[in-house]
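Reader: Please take me through the sheets, the cavity and the unusual backbone positions of this model.

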Amino acid sequence: MTRIFLVEDDREIAKNLTLLLCSEGFTVTHAPTREDAFAAADGNKFDLALIDIALPDGNGFTVYTKIKETQDIPVIFLTASGDETSVVTGLNMGADDYITKPFRPRELIARIGTALRKNGRSGAAFEICGLFVDMAGGVVKKNGREVFLSALEYRLLLVFVNNPRSIITRSRLLDELWDAAGEFVNDNTLTVYIKRLREKIEDDPANPQIILTVRGTGYRMGGGNVSE
């Protein structure tokens, strides 16, 4: 399970972010102040940190420095709009990215995914019904034999793997896939890609056990196991 360290003093923002991140399969440790962040950083290991630059008892740059003393993890700064000086400072310190509040939830999730991949931390493996997905190496195998997926098919599979307990609507899949591999995906072509993916990963595509249809809603992943 990917562990996110959230340093954010606004309780409402922190609550909503925690709900969003947990719904994506992350675990979240929240610290509302710099001192709380220092304490949490001493006793926990994380995979990525989201740090608000403006904290009530200092700034997020000191939290960044504290974390980097013991953990080489990607850091994304949360910043108020128009605060260009803080953005430059954070990037010069070595931060992986920044995102300006208010931000769109899907954009934040995409930024987190990019930062984790760049740092080799999206390294979990997923297994279900003879299908093995190595997210660090980008390798997919079915019953021990490698399966070759297009960029868009692989991205589609990752949406399910990263949300193994969630029902995923067709509209969300379209949002996730619209820019993958530079291909245009609409509702009709999404059906085609689901069919193609099932043909490659299911034992019996007509009776799928990995990508299940939820009538009138979308799809969900069948039961599987995630390992680090």
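The questions below go through the model by topic.

This is a predicted model, in which local features need pLDDT of at least 70 and side-chain atom pairs count only at pLDDT 80 or more, while totals for chains, interfaces and linings use all residues. Residues are numbered from 1 along each chain as its sequence is written, and side-chain values use heavy atoms, with hydrogens and water left out.

Reader: What is the strand order of the open sheet of 5 strands?
Author: Strands (E, at least two residues) and helices (H or I, at least four) are DSSP runs numbered from the N terminus, and two strands pair if DSSP finds at least two bridges between them. The pairing in this sheet is parallel, and its edge strands, β2 (27-31) and β7 (97-101), each pair on one side only. The order is β2-β1-β3-β6-β7.

Reader: Which residue in β2 is the bridge partner of R3?
Author: Strand β1 (residues 3-7) runs parallel to β2, and 5 bridges join the two. For R3, the partner in β2 is T27.

Reader: At about what angle does helix α1 run to β2?
Author: Axes are lines fitted to C-alpha atoms, for helices over the stretch in contact, and angles run from 0 to 180 degrees between N-to-C directions. Contact means heavy atoms within 4.5 Å. Helix α1 (residues 11-23) lies across β1, β2, β3 (48-52), β6 (75-80) and β7. Its angle to β2 is about 165°.

Reader: Why is one side of β12 and of β13 left without a neighbour in the sheet?
Author: The open sheet of 3 strands has antiparallel pairing and the order β12-β14-β13. β12 (167-169) and β13 (211-214) stand at its edges, so one side of each has no neighbour there, because each has a single partner strand.

Reader: Which residue in β14 is the bridge partner of I168?
Author: β12 and strand β14 (residues 218-221) run antiparallel and are joined by 3 bridges. In β14, the partner of I168 is Y219.

Reader: Which helix lies across β13 and β14?
Author: Helix α7 (residues 170-177) touches β12 and β14, and its direction makes about 70° with that of β12. The helix across β13 and β14 spans residues 187-201 and runs at about 140° to β13. It is α8.

Reader: Which element gives the most to the lining of the largest cavity?
Author: On a 1 Å grid over the protein atoms alone, a cavity is a set of points where a 1.4 Å probe fits but cannot get out, and lining residues have an atom within 4 Å of a point. Grid points are joined across faces, edges and corners, and a volume is the space filled by probe spheres set on the points. The search finds 1 cavity of 30 Å³ or more, and its lining includes I53, F77 and Y98. With 4 residues, the element giving the most is α4.

Reader: Where does the cis peptide bond from K101 to P102 have its omega?
Author: P102 lies in the loop between β7 and α5 (105-118). The omega of this bond is near -5°.

Reader: Is N143 buried or exposed?
Author: N143 is not a glycine, yet has a positive phi of about 50°, and it lies in the loop between β10 (139-142) and β11 (145-146). Buried means under 20% relative accessible area, exposed over 50%, and partly exposed in between (1.4 Å probe, protein chains only). At 54% relative accessibility, N143 is exposed.

Key:
1 Å grid on protein atoms, 1.4 Å probe; cavity = no way out; pocket = protein on both sides within 12 Å on 5 of 7 lines; lining within 4 Å.
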